[in-house]
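Q: Please take a close look at one buried residue and the helix that packs beside it. Describe the surroundings in one connected account.

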Amino acid sequence: MPIPEDVTGDEIDQDVRQELLSLPKTLAEDVAKNLVMVARLIDEDPEGAYGYSRVALRLASRVAAVREAAGFAAYANQKYSEALAEFRAARRMTGTVDLWPLMADCERGLGRPEKALDMAGAPEVHKLDKAGQVEMRLVAAGARRDLGQLDAAIVTLQSPELASNAVQPWTARLRYAYADALLAAGRQGEAREWFAKAVEADKDGSTDASDRLAELDGVEFVDAFDESEAESEGENDGDTESGSQAEGHGGRQAPGGPDEVGEE
């Protein structure tokens with residue numbers, strides 16, 4: 001696959017570069033460039049990232065960082081069976097538990113929420129750092145919801161991390177998940193409160209909490225371009241139609257109505 005000229009391979013982390021030292025220099029450079037492309041595209045173009053990950057995997061399947069990148073790319077494309085296999089391979093190579101929550105979420109994606117819950121109670125969870133433990137809690141709550149256990153999902157998310165006023169990288173997503181679970185359980189007032197708290201913590205827009213909050217408050221969004229287009233049409237009609245006909249267009253709504261907002 002084509003590699004842009006501005007990609008040198010030096011952009012990868014030092015730890016990954018260290019892993020690639022086991023490869024011949026030219027091969028290591030090629031793998032590094034493909035890994036850079038995976039990282040660059042995975043959010044905006046997951047299919048493209050997946051393509052580059054397959055190239056890297058073909059070149060260096062015995063490098064843990066490559067297997068991990070392939071897992072992330074497959075995960076981003078909802079190829080959960082493939083992602084799980086790659087995460088397992090990376091874990092065998094490194095001996096770390098960092099990927100445990102992602103592996104559990106792959107089990108959810110494969111329709112096995114019970115397996116995800118088993119993993120949430122495994123000893124490996126205690127070896128995770130705080131961010132990993134919060135991630136595992138989010139996965140476990142999602143598994144409870146998969147099983148229709150809404151109250152259990154809410155209880156699962158209740159934790160010192162949720163109650164803390166300190167804003168951490170995971171705070172917005174944790175509050176958002178809690179608000180969403182409350183809303184699913186019909187507790188709209190509490191859900192609104194927690195969506196508002198999620199907005200406070202979501203400085204980089206990693207969730208659509210602001211849209212969900214606006215939706216609960218009854219705020220509707222109309223595309224400004226469509227609205228101005230409709231006004232322009234109305235003015236043009238006024239130039240060619242009689243006064244009574246032009247009045248008939250006065251209350252016409254912008255095409256398409258309000259935009260739908262919010263995602264699960």
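A: Outside its neighbours within four places in sequence, Arg-67 is in contact (heavy atoms within 4.5 Å) with Leu-57, Ser-61, Glu-86, Ala-89, Ala-90 and Met-93. This is a predicted model, in which local features need pLDDT of at least 70 and side-chain atom pairs count only at pLDDT 80 or more, while totals for chains, interfaces and linings use all residues. Residues are numbered from 1 along each chain as its sequence is written, and side-chain values use heavy atoms, without hydrogens and water.

Arg-67 sits in helix α4, residues 64-76; helices are DSSP runs of H or I with at least four residues, numbered from the N terminus. With a relative accessible area of 18%, Arg-67 counts as buried, because that term means under 20% relative accessible area (1.4 Å probe, protein chains only).

Helix α5 covers residues 80-94. Its 15 residues reach 21 Å from first C-alpha to last, close to the 21 Å expected at 1.5 Å a residue; the expected span is 1.5 Å times one less than the number of residues. Buried in α5 are Ala-83, Leu-84, Glu-86, Phe-87, Ala-89 and Ala-90. An α-helix has 3.6 residues a turn, so residues three or four places apart point the same way. The cover over the buried residues of α5 includes α3 (46-59), α4 and α6 (100-109). Just after α5, Gly-95 has a positive phi of about 75 degrees.

Methods:
Helices (H or I, at least four residues) and strands (E, at least two) are DSSP runs, numbered from the N terminus. Buried means under 20% relative accessible area, exposed over 50%, partly exposed in between (1.4 Å probe, protein chains only).
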